[in-house]
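I set out to record a few local features of this chain for a reader new to it. My entries follow in the sequence in which I looked things up.

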Amino acid sequence: MSEQMEVIWMTENEGDTVRLAQLLAGWAVPGTVLALDGDLGAGKTRFSQAFAAGIGVPGVVNSPTFTIIKEYKGAQLPLYHMDVYRLSEDEADELGLDDYFFGDGVTIVEWASLIEALLPPDRLQMYITHLGDEARRITITGIGAQYVTWCKQLQAIGARNK
């Protein structure tokens, strides 16, 4: 089993969410997988938009709710943005997601817990909890050495242990 670390990132406003997304975008490498979960309206898509901007994706990034997967060309890396809310695990498995997860870009999966068995063993899991107004609690679990390092870096700049 891969090593794990969990930290909490508290936000008071959208700018704090954007800051987190841009920090993570700066650390992204080919094969990075971010698994996002949270209630409707918690901020998964807003996080994804800020992350996309952080890796140099131009233009509008919106939720791929009906298209399932959208591919974007970023200045640093390609972005594969998925929304699996409307898929069963079997349907998702037929899409060949490994090609994205282990490809040359970054994959962000919204509603990732719905396809947990298909996710790569090493990933950054994030659960966004809406606390009212613009405040959010983002629980970040790094699974695997690369993502544990990210959690340690976040902790060093203000994230707290769970």
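The entries below concern backbone angles, burial and helix packing in what is a predicted model.

**Entry 1: helix α1 and T17.** I began with T17, which I located in helix α1, residues 14–27. Is T17 buried or exposed? I found a relative accessibility of 8%. The cut-off for buried is under 20%, so T17 counts as buried. I then looked up the contacts of T17, leaving aside residues up to four places away in sequence, and noted T11, F47 and I138.

**Entry 2: helix α2.** One of those contacts, F47, led me to helix α2, which spans residues 44–54. I listed the buried residues of α2 as K44, F47, S48, A50, F51 and A52. Against which elements do the buried residues of α2 pack? I recorded α1, β2 (33–38), β4 (78–83), β5 and β6. After α2 I came to G56, where phi is positive, near 85 degrees.

**Entry 3: positive phi outside glycine.** I next looked for positive phi values in residues other than glycine, and noted W111, with phi near 65 degrees. W111 lies in the loop between β5 (106–110) and β6 (123–132). Its relative accessible area is 14%, so I entered W111 as buried. I also noted D133, which is not a glycine either and has a positive phi of about 50 degrees. D133 sits in the loop between β6 and β7 (135–143). Is D133 buried or exposed? The cut-off for exposed is over 50%, and D133 has a relative accessible area of 75%, so I entered D133 as exposed.

**Entry 4: α1 against α5.** I returned to α1 to examine how it is placed relative to helix α5, residues 145–156. The two axes come within 11 Å and cross at roughly 135 degrees. Why are α1 and α5 called oblique to each other? Angles over 145 degrees count as roughly antiparallel and those from 65 to 115 as roughly perpendicular; the crossing of roughly 135 degrees belongs to neither class, and α1 and α5 are therefore oblique. I recorded the crossing of α1 and α5 as right-handed.

**Entry 5: the residues of that contact.** Which residues of α1 meet α5? I found L20, L23, L24 and W27 on the α1 side, and W150, Q153 and L154 on the α5 side. I classed the residues of this contact as six nonpolar, one polar and no charged.

Definitions and conventions
Residues numbered from 1 in each chain as written. Predicted model: local features only at pLDDT ≥ 70, side-chain atom pairs only at ≥ 80, totals over all residues. Heavy atoms only, no water. Helix = DSSP H or I, 4+ residues; strand = E, 2+ residues; numbered from the N terminus. Buried < 20%, exposed > 50% of the residue type's maximum accessible area, 1.4 Å probe, protein only. Contact = heavy atoms within 4.5 Å. Axes fitted to C-alpha atoms, helices over the stretch in contact; angles between N-to-C directions. Parallel < 35°, antiparallel > 145°, perpendicular 65-115°, else oblique. Left-handed = near helix turned anticlockwise from the far one by under 90°. Nonpolar A, V, L, I, M, F, W, Y, C, P; charged D, E, K, R; others polar.
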